[in-house]
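Reader: I would like a close look at the cysteine links in this model and at the parts around them. Please keep the account plain.

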Amino acid sequence: MKLLIVASAVLVAVALGEEKEKMQDQCMCSVLNPCIEAGYENVEVCANKCKSHFTDLGGDWDKANKCLHKYDDKIKKGTDCVRKALGDVCTDKEGQKVPQRHHETLQLAAAREITEMVKKSGLLAKTTDLFEIAKKGAACMIKCGQASSCAKKLGCGVALPPDNEIVAIVKKCALDAGVNTELAKEACNCVLDAGIKRLESICPMIKVIP
């Protein structure tokens with residue numbers, strides 16, 4: 001679940017860019033959509049740029065990454081669902097205006113949702129230090145996505161719902177894509193087998209709560 005939330009947040013960041021509270025031209029679909037399609041590759045690029053947050057814990061990033069790639073189809077299904085649920089964020093008419101957005105607020109909303117999920121699973125006390133590192137890794141991923149954002153490249157903005165609504169959409173799409181307790185435990189074991197031994201007592205306790 002967390003992996004898909006981060007991946008989808010990166011893709012939204014790819015669309016958003018770094019923005020301030022003012023109006024700007026809305027992106028034309030003819031140029032934005034091809035840019036977002038290319039953004040799927042940015043998830044892998046950003047993962048490699050941010051892998052120090054994983055290796056600092058003693059993990060073998062290449063081994064974990066190879067294992068986690070078997071979930072690519074579910075991540076793609078989930079992120080496609082998010083794009084569809086967000087609807088037309090761009091326009092076919094020139095001169096349309098949209099409010100600029102702050103990618104940091106999306107990052108905070110995603111962190112709050114992940115924290116709540118961990119609390120509900122009863123794992124927060126066992127994972128406090130790991131969770132703080134994971135949040136830094138997620139922040140790195142979103143910041144990386146923003147740095148190569150389509151909005152930044154194209155000099156335009158997109159029409160998006162409030163951040164909490166985006167996170168709710170991502171969560172629903174993750175569940176619809178097949179992210180469940182069994183899959184989450186498998187993904188945790190990928191990381192465990194890659195050297196993060198502190199997860200040994202945690203992986204069996206993971207629960208995906210709708």
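How far apart are the sulfur atoms of Cys188 and Cys203, and what do the two residues form?

Author: The model is predicted. In it, Cys188 and Cys203 form a disulfide, with 1.9 Å between their sulfur atoms. The cut-off applied here is 2.5 Å between cysteine sulfur atoms, and by this rule the count comes to eight disulfides. A disulfide is a covalent bond between the sulfur atoms of two cysteines.

The torsion about the S-S bond of Cys188 and Cys203 is -75°, and the link is left-handed. Cys188 sits in helix H10, which covers residues 181-193, while Cys203 belongs to the segment after H10, so the disulfide ties together parts that are 15 residues apart in sequence. Cys188 and Cys203 are both buried.

Helix H10 also packs against another helix. Two packed helices are described by the angle between their axes and the distance between the axes. For H10 the partner is helix H4 (residues 61-68), and the two axes come within 8 Å and cross at roughly 160°. An angle over 145 degrees counts as roughly antiparallel, and H4 and H10 are therefore roughly antiparallel to each other. Their crossing is right-handed. On the H4 side the contact is made by Lys63, Ala64, Cys67 and Leu68, and on the H10 side by Ala187, Cys190 and Asp193.

Two further disulfides start from helix H2, which spans residues 29-49. One of them joins Cys35 to Cys150, with an S to S distance of 2.1 Å. This pair links distant parts of the chain: Cys35 is in H2 and Cys150 is in helix H8 (residues 150-154), 115 residues apart. The link of Cys35 and Cys150 has -100° about the S-S bond and is left-handed. Cys35 and Cys150 are both buried.

The other joins Cys46 to Cys144, with 2.2 Å from S to S. Cys46 lies in H2 and Cys144 in helix H7 (residues 124-147), so this disulfide ties together parts that are 98 residues apart in sequence. The angle about the S-S bond of Cys46 and Cys144 is -85°, and the link is left-handed. Cys46 is buried, as is Cys144.

Helix H7 holds Cys140 as well. Is Cys140 buried or partly exposed? Buried would require under 20% relative accessible area; Cys140 has 21% and is therefore partly exposed. Cys140 touches Cys50 and His53, leaving aside residues up to four places away in sequence. The C-alpha atoms of Cys140 and Ala47 are separated by 8.8 Å, although these residues are 93 residues apart along the chain.

The loop leading into H2 is the last part to consider. Gln26 lies in this loop, between strand S1 (23-25) and H2. With a relative accessibility of 13%, Gln26 counts as buried, because the limit for buried is under 20%. The side chain of Gln26 reaches the backbone oxygen of Cys90 at 3.4 Å. Cys90 is also among the residues that Gln26 touches, not counting residues up to four places away in sequence. The others are Asp88, Val89, Thr91, Gln96, Lys97, Val98, Cys156, Gly157 and Ala159.

How values were computed
Residues are numbered from 1 along each chain as its sequence is written. This is a predicted model: local features need pLDDT of at least 70, side-chain atom pairs count only at pLDDT 80 or more; totals for chains, interfaces and linings use all residues. Side-chain values use heavy atoms; hydrogens and water are left out. Helices (H or I, at least four residues) and strands (E, at least two) are DSSP runs, numbered from the N terminus. Buried means under 20% relative accessible area, exposed over 50%, partly exposed in between (1.4 Å probe, protein chains only). A polar contact is a pair of N or O atoms within 3.5 Å; within protein, one must be able to donate a hydrogen and the other to accept it, and residues adjacent in sequence count only if both atoms are side-chain atoms. Contact means heavy atoms within 4.5 Å. Axes are lines fitted to C-alpha atoms, for helices over the stretch in contact, and angles run from 0 to 180 degrees between N-to-C directions. Angles under 35 degrees count as roughly parallel, over 145 as roughly antiparallel, 65 to 115 as roughly perpendicular and the rest as oblique. A crossing is left-handed if the near helix is turned anticlockwise from the far one by less than a right angle, and right-handed if clockwise.
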